[in-house]
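Here is a colleague's note for someone coming to this structure without earlier acquaintance. Please read the numbered points with the model open beside them.

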Amino acid sequence: MRRRRAAVAAGFCASFLLGSVLNVLFAPGSEPPRPGQSPEPSPAPGPGRRGGRGELARQIRARYEEVQRYSRGGSGPGAGRPERRRLMDLAPGGPGLQRPRSPWARPLPDGAPGWPPAPGPGSPGPGQRLGCAALRNVSGAQYVGSGYTKAVYRVRLPGGAAVALKAVDFSGHDLGSCVREFGVRRGCYRLAAHKLLKEMVLLERLRHPNVLQLYGYCFQDSEDIPDTLTTITELGAPVEMIQLLQTSWEDRFRICLSLGRLLHHLAHSPLGSVTLLDFRPRQFVLVDGELKVTDLDDARVEETPCAASADCILEFPARNFTLPCSAQGWCEGMNEKRNLYNAYRFFFTYLLPHSAPPSLRPLLDGIVNATGELTWGVDETLAQLEKVLHLYRSGQYLQNFTASSSAEYQRIPDSAIPQEDYRCWPSYHHGSCLLSVFNLAEAVDVCESHAQCQAFVVTNQTTWTGRQLVFFKTGWSQVVPDPNKTTYVKASG
C-alpha cells in the first residue's frame, strides 16, 4: 500500500511539472495513450441506462443550478444576473491565474450547462489568489486520502508553504460508477467536478476561523478531459479520535469549542442554516489545534419541507427526534439540530467530560446531556462552552480551592531538572509528566496529588489559554542552569 501511494504521489508531482494536474489519474483499468495512439473512446450508453445522456445532462444541470444558488447567496446587494465569466475567476490579467483554452465550445452532453460555469455575484472579486502558475514547480507531493469523489494531496509550493490540493479522483467510485452507467467520460467528470465546485464556493461563502481556507484553484487540460479543476486549500491534519482521547483535556476542550463556534456560524450563515449531511470526524481537520471543516460537498442549505410534524423526523442510528412543522411549511431547526446531535455523538460525548477539572464537570455534563437530548440549540450550547472557557482561562474554577497540604517548596530560579521524569495522564509529553497550570498554587496541588512527585519545573511556555506548562519530577539530584525555567523542590524536614 505504501509503495502504491508513493507511486501515485510521484506521478502526481510529475504531472504538475508537465503542466497538467491530473493526467496521471485515469479511470480504473485504463492507461495513458502511447505516442501516436488516440485515447480509447468511451463506451456508448446502453438502452437501459436511465435515459442515457439526457439523464446525465439533467443531473449535471441540477448540480450546476445548486452551485449557482450558493454562489448568488440570496437577495443581498448585487444578487442580480450572473456575470458571464468563469466561476471565481480573477479579473483579466489578474495575478496568479493562468486561464487555459477551453475547447468545449458547446455543452456536452446536449442539454447540460457549459463548463466551467458562470459565477454568481457572491463569488469573490479580484484579489491575491493562487492559480495554475503556483503549481508549476511544487515538490514533495504526498497522497493524503480519498473519498467517494475527491482525492487529496499535500504539496509544497516553491516558497516553502505546504498546501492541500483537491481534485476529482479519476479512480474513485463517483466517476467510475457514472462512466459505467452512462459511458460518457467527459460528462461524468463534469458531474463529479460540480461537487468540487460546490465545495469551493461554500468554502468562500462560509469563511470563518473554523472553515478551511480556500487559497485558490486551477483549471487545466488533462490528456483527454479539458478544464479539470484542482482546488488549493489550507493544509490540516486528519482527526484521529484514538489519538485525541490521549491528549490533554484542554486540547480536547478546544476542539469541542471550535466545533461549537462552527455550528453557530453554520446556523447563522449568509446563506441560511447550513447542515452537514456527511458529518463524521473524517470531514474535519486540525490546524494548529483548531478544528476546521474541510468537506462541504455534501452540505445543504435548504430546510426540509413539511405538512405536519410527522414529516419532521430526525433519524439517527440510536434514536429519532420529531421536530415541529412551522406555519410556513418547514421543519423548524432541522439543519441546526442535525449538526448539533452529530456533534454530540461524534465529539462531545467522547472529548468533553473525561479528565476535566472537577469543578467544571457539572457544566460539561450539562452540555453533553442537553445536546444528546436536543433540549438546547446551538446558541445556548456555544454560550455554555464559552462560559467554561472563561472559568478555565480566568482561574475562577479554582475560587473554592484550598491548599490540601502545608508542604513548602524551595524556589531555584534559572534552573531545570533534565531527567527524573515520570509519566502521568493526560500529559503534553508521552515520556514525562507535562501539564498546564493556572498559577503556582495549582502546580503545588498537582505535585502533592502525585505520590512520586518531589519537584516541578515551571517553563516559560504557555498553552492556547495562556496557562503555563510545568514538568513534574520524581527528584532533583541533578539541577542544571536554564534561563527559561524555574525549579521548585520540596523543602526537607
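1. A definition is needed before the helix pairs can be discussed: a crossing is called left-handed if the near helix is turned anticlockwise from the far one by less than a right angle, and right-handed if the turn is clockwise. With that in hand, helix H3 passes helix H4 in a right-handed crossing. The reader should also keep in mind that the model is a predicted one.

2. As for the chain in general, its secondary structure comes to ten helices and 17 strands, and buried residues make up 50% of its 493 residues. If one takes the contacts between residues at least 6 apart in sequence, 71% of them join residues that are at least 24 apart.

3. Two packed helices are described by the angle between their axes and the distance between the axes. For H3, which spans residues 173-182, and H4, which spans residues 185-205, the axes come within 9 Å and cross at roughly 145°. On the H3 side the contact is made by Asp174, Leu175, Cys178, Val179 and Phe182, and on the H4 side by Arg185, Cys188, Tyr189, Leu191, Ala192 and Lys195. Sorted by class, the residues in this contact of H3 with H4 are eight nonpolar, no polar and three charged.

4. The second helix pair to look at is formed by H8 (residues 361-373) and H9 (residues 378-394), which pack at an angle of about 165° with their axes 10 Å apart. Because angles over 145 degrees count as roughly antiparallel, H8 is roughly antiparallel to H9. The crossing in which H8 passes H9 is left-handed. From H8, the residues Leu363, Leu364, Ile367 and Thr371 meet Thr381, Gln384, Leu385, Lys387, Val388 and Leu391 of H9, and by class this contact of H8 with H9 has six nonpolar, three polar and one charged residues.

5. Which residue in the loop between H8 and H9 deserves a second look? Leu374 is placed in that loop, and it has a positive phi of about 55° although it is not a glycine. With a relative accessibility of 10%, Leu374 counts as buried.

6. Asp227 likewise calls for a check of the backbone, since it has a positive phi of about 55° without being a glycine. Asp227 lies in the loop between strand S4 (214-220) and strand S5 (228-233). Is Asp227 buried or exposed? Its relative accessibility is 0%, so Asp227 counts as buried.

7. Another backbone detail concerns the peptide bond from Trp425 to Pro426, which is cis, with omega near -5°. Pro426 has its place in the loop between strand S13 (409-416) and strand S14 (433-437).

8. How many aromatic pairs does the structure hold? There are 17 of them, and one of these, Tyr217 with Phe219, is edge-to-face, with 5.8 Å from centre to centre and 75° between the planes. Both Tyr217 and Phe219 are buried. In Phe456 and Tyr488, by contrast, the reader finds a stacked aromatic pair, with 5.1 Å from centre to centre and 20° between the planes. Phe456 lies in strand S15 (residues 455-462) and Tyr488 in strand S17 (residues 480-490), so this pair ties together parts that are 32 residues apart in sequence. Phe456 is buried at a relative accessible area of 0%, and Tyr488, at 12% relative accessibility, counts as buried too. Elsewhere, Trp249, Phe253, Tyr392 and Tyr397 form one aromatic cluster.

9. The last point concerns Val470, which is found in strand S16 (residues 468-473) and, with a relative accessibility of 0%, counts as buried. Which residues does Val470 touch, leaving aside its neighbours within four places in sequence? Its contacts are Cys433, Leu434, Leu435, Val437, Phe456, Val457 and Val458, and Phe456 is also a member of the stacked pair with Tyr488. Val470 and Tyr428, which are 42 residues apart in sequence, are 9.8 Å apart in space, taken from C-alpha to C-alpha.

Notes:
Residues are numbered from 1 along each chain as its sequence is written. This is a predicted model: local features need pLDDT of at least 70, side-chain atom pairs count only at pLDDT 80 or more; totals for chains, interfaces and linings use all residues. Side-chain values use heavy atoms; hydrogens and water are left out. Rings of Phe, Tyr and Trp (its six-membered ring) pair if their centres lie within 6.5 Å; planes under 30 degrees apart count as stacked, over 60 as edge-to-face and the rest as tilted. Buried means under 20% relative accessible area, exposed over 50%, partly exposed in between (1.4 Å probe, protein chains only). Helices (H or I, at least four residues) and strands (E, at least two) are DSSP runs, numbered from the N terminus. Axes are lines fitted to C-alpha atoms, for helices over the stretch in contact, and angles run from 0 to 180 degrees between N-to-C directions. Angles under 35 degrees count as roughly parallel, over 145 as roughly antiparallel, 65 to 115 as roughly perpendicular and the rest as oblique. Contact means heavy atoms within 4.5 Å. Ala, Val, Leu, Ile, Met, Phe, Trp, Tyr, Cys and Pro count as nonpolar, Asp, Glu, Lys and Arg as charged, and the others, Gly among them, as polar.
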